[in-house]
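User: I have a model open and want to go through it step by step. Please keep the answers short and end each one on the value or name I ask for.

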Amino acid sequence: AGQVNPYFISFKGGKFSAVAGTSAACPVAAGIIAQVNDARLAAGKTSMGWLQPFLYSADASSYNDVTSGTTNGGYTGGFTATEGWDPATGFGSINFSAFKEAALSY
């Protein structure tokens, strides 16, 4: 198996373990979108719903561009992170403040 750089610690069954990749990123992204939807509802707007149009139209400042690393996970091939959108990291990680402001004006 490839090397993993875990960035979350979980506690299950009385033991700590490391979590990384989509197993960690997807719940975080879902939580961020939930917070953005909460802010939109508080502002009298609707929830985001289908996100694709917004994600691709949001200003670049809404994301922290990841420009180094690969997704090969120790296997062959994979994708390399580059400046701007790339198949390794997409647009990068969400810059919550800028992302929320863009969503509130969307």
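User: In which helix is the place of valine 28?

Analyst: This is a predicted model. The protein chain has 3 helices and 4 strands. Valine 28 has its place in one of these helices, α1.

User: Is valine 28 buried or exposed, or does it count as partly exposed?

Analyst: Buried means under 20% relative accessible area, and exposed means over 50%. Valine 28 has 35% relative accessibility, so it falls in between and counts as partly exposed.

User: What distance separates the C-alpha atoms of valine 28 and isoleucine 94?

Analyst: Valine 28 sits in helix α1. Isoleucine 94 is 66 residues from valine 28 along the chain. Their C-alpha atoms are separated by 10.0 Å.

User: What pattern does the protein chain follow along the sequence?

Analyst: There are 4 strands and 3 helices to place. Read along the sequence, their pattern is β-β-α-α-β-β-α.

User: Which helix gives the most to the largest nonpolar core?

Analyst: The largest nonpolar core has 10 residues, among them Ile33, Met48, Phe54, Tyr63 and Phe99. Both α1 (22–42) and α3 (96–104) supply at least two residues of this core. With 3 residues, the helix that gives the most is α3.

User: How do the buried residues of α3 lie around its axis, and within what arc?

Analyst: The buried residues of this helix are Ala98, Phe99, Ala102 and Ala103. Seen down the axis of α3, these residues line one face of the helix, because they fall within an arc of 135 degrees.

User: Which elements do the buried residues of α3 pack against?

Analyst: Ala98, Phe99, Ala102 and Ala103 are the residues in question. Their packing partners include helices and strands. The elements are α1, α2, β3 and β4 (93–94).

User: Which residues does phenylalanine 54 contact, leaving aside its neighbours within four places in sequence?

Analyst: Phenylalanine 54 belongs to the largest nonpolar core. With those neighbours left aside, phenylalanine 54 is in contact with Met48, Phe99, Ala102, Ala103 and Tyr106.

User: Where does serine 62 lie, and what is its relative accessible area?

Analyst: Serine 62 is in the loop between α2 (52–57) and β3 (63–64). Leaving aside neighbours within four places in sequence, serine 62 contacts Ser93, Ile94, Asn95, Ala98, Phe99 and Ala102. Serine 62 counts as buried because its relative accessible area is 1%.

User: Is glutamate 83 buried or exposed?

Analyst: Glutamate 83 is found in the loop between β3 and β4. The cut-off for exposed is over 50%. Glutamate 83 has a relative accessible area of 72%, so it is exposed.

User: How far apart in space are glutamate 83 and aspartate 65, C-alpha to C-alpha?

Analyst: Leaving aside neighbours within four places in sequence, glutamate 83 is in contact with Asp65 and Thr67. Glutamate 83 and aspartate 65 are 18 residues apart in sequence. In space, C-alpha to C-alpha, they are 6.7 Å apart.

User: Which residues form a nonpolar patch with isoleucine 9 on the surface?

Analyst: Isoleucine 9 is in strand β1 (residues 8–12). At 64% relative accessibility, isoleucine 9 counts as exposed. The patch has about 410 Å² of accessible area together. Isoleucine 9 forms it with Phe11 and Phe16.

User: What share of the area that the protein chain exposes do carbon and sulfur atoms supply?

Analyst: Of the 106 residues of the protein chain, 21% count as buried. The chain exposes about 7,200 Å². The share from carbon and sulfur atoms is 58%.

Definitions and conventions
Residues are numbered from 1 along each chain as its sequence is written. This is a predicted model: local features need pLDDT of at least 70, side-chain atom pairs count only at pLDDT 80 or more; totals for chains, interfaces and linings use all residues. Side-chain values use heavy atoms; hydrogens and water are left out. Patches are made of residues with over 30% relative accessible area and no salt bridge: like charges are joined within 9 Å, nonpolar side chains (Val, Leu, Ile, Met, Phe, Trp, Tyr) within 5 Å. Accessible areas come from the Shrake-Rupley method with a 1.4 Å probe; for residues, only the protein chains shown count as cover. A salt bridge is a side-chain nitrogen of Lys or Arg within 4 Å of a carboxyl oxygen of Asp or Glu. Buried means under 20% relative accessible area, exposed over 50%, partly exposed in between (1.4 Å probe, protein chains only). Contact means heavy atoms within 4.5 Å. A nonpolar core is a set of buried Ala, Val, Leu, Ile, Met, Phe, Trp, Tyr and Cys residues joined through side-chain atoms within 4.5 Å. The arc is that of the directions from the helix axis to the C-beta atoms.
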